[in-house]
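User: I am new to protein models and would like to learn how to read one, feature by feature. Could we go through an example together?

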Amino acid sequence: MNRRGPGLIGAAARTAVVAGTASAVSGRVQQRQQARFAQQEAEQYAAQQPPPPAPRPAAPGEDLIGQLERLAALKQQGILTEAEFEAQKARLLAG
């Protein structure tokens with residue numbers, strides 16, 4: 001019997017190696033594509049999101065009361081004199 005090729009078992013082994021290599025390469029390509037698509041989708045999603053709302057400004061009365069309370073605390077601590085306190089209070093109430 002004169003054999004010319006690797007025989008049936010050798011051909012099957014070679015086919016299995018080629019198929020396994022192709023499958024592994026294909027799997028890596030698919031994983032990279034999925035990662036790329038996921039990144040693009042995340043970027044598109046972030047671009048579509050509206051900007052966060054600006055912080056709500058305090059109501060004028062609340063802000064004025066807070067500023068007056070801070071001035072009074074500074075006066076009580078001795079940081080502001082009576083004249084300075086009155087001048088700042090007048091400025092706040094006029095503004």
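User: Let us begin with a single residue: in which helix does Ala 72 lie?

Analyst: A careful reader places a residue in its element before looking at its surroundings. This is a predicted model, and in it Ala 72 belongs to helix 2, which covers residues 60–76.

User: How many helices and strands does the protein have, and in what order do the elements run?

Analyst: Listing the elements from one end to the other gives a plain outline of the fold. Here there are three helices and zero strands, so that outline, read from the N terminus on, is α-α-α.

User: What confidence does the protein average, and in which helix is it lowest?

Analyst: Where pLDDT is low, the predicted coordinates should not be read in detail. The average pLDDT for this protein is 80, and 83% of the residues score at least 70. Helix 1 (residues 7–48) has the lowest confidence, with a mean of 81, whereas helix 3 (residues 82–94) has the highest, at 90.

User: Is Ala 72 buried, partly exposed or exposed, and how far in space is Ala 72 from Glu 86?

Analyst: Ala 72 counts as partly exposed because its relative accessibility is 27%, which falls between the cut-offs of 20% for buried and 50% for exposed. From C-alpha to C-alpha, Ala 72 and Glu 86 are 9.8 Å apart in space, while 14 residues separate them in sequence.

User: What share of the residues is buried, and how much area does the protein expose?

Analyst: Of the 95 residues in the protein, 5% are buried. The exposed area comes to about 8,400 Å², and 58% of it is supplied by carbon and sulfur atoms.

User: How many salt bridges does the structure hold, and which residue forms one with Lys 75?

Analyst: A salt bridge is read from the distance between a nitrogen and an oxygen atom of two side chains, which here must be within 4 Å. The structure holds two of them. In one, Lys 75 is joined to Glu 82, with 2.9 Å between the closest N and O atoms; Lys 75 is partly exposed at 30% relative accessible area, and Glu 82 is likewise partly exposed, at 43%. Another links the side chains of Glu 86 and Lys 89 at 3.6 Å, N to O. About one helical turn separates Glu 86 and Lys 89, because they are three residues apart in helix 3.

User: Over which ring does the charged end of Lys 75 sit, and how many aromatic pairs are counted?

Analyst: A ring can be checked for a charge above it and for a partner ring beside it. The charged end of Lys 75 sits over the ring of Phe 85, at 4.8 Å from the centre of that ring, while the count of aromatic pairs comes to zero.

Conventions
Residues are numbered from 1 along each chain as its sequence is written. Side-chain values use heavy atoms; hydrogens and water are left out. Rings of Phe, Tyr and Trp (its six-membered ring) pair if their centres lie within 6.5 Å; planes under 30 degrees apart count as stacked, over 60 as edge-to-face and the rest as tilted. A charge sits over a ring if NZ of Lys or CZ of Arg is within 6 Å of the ring centre and within 35 degrees of the ring normal. Helices (H or I, at least four residues) and strands (E, at least two) are DSSP runs, numbered from the N terminus. Buried means under 20% relative accessible area, exposed over 50%, partly exposed in between (1.4 Å probe, protein chains only). Accessible areas come from the Shrake-Rupley method with a 1.4 Å probe; for residues, only the protein chains shown count as cover. pLDDT is the predictor's confidence in each residue, from 0 to 100.
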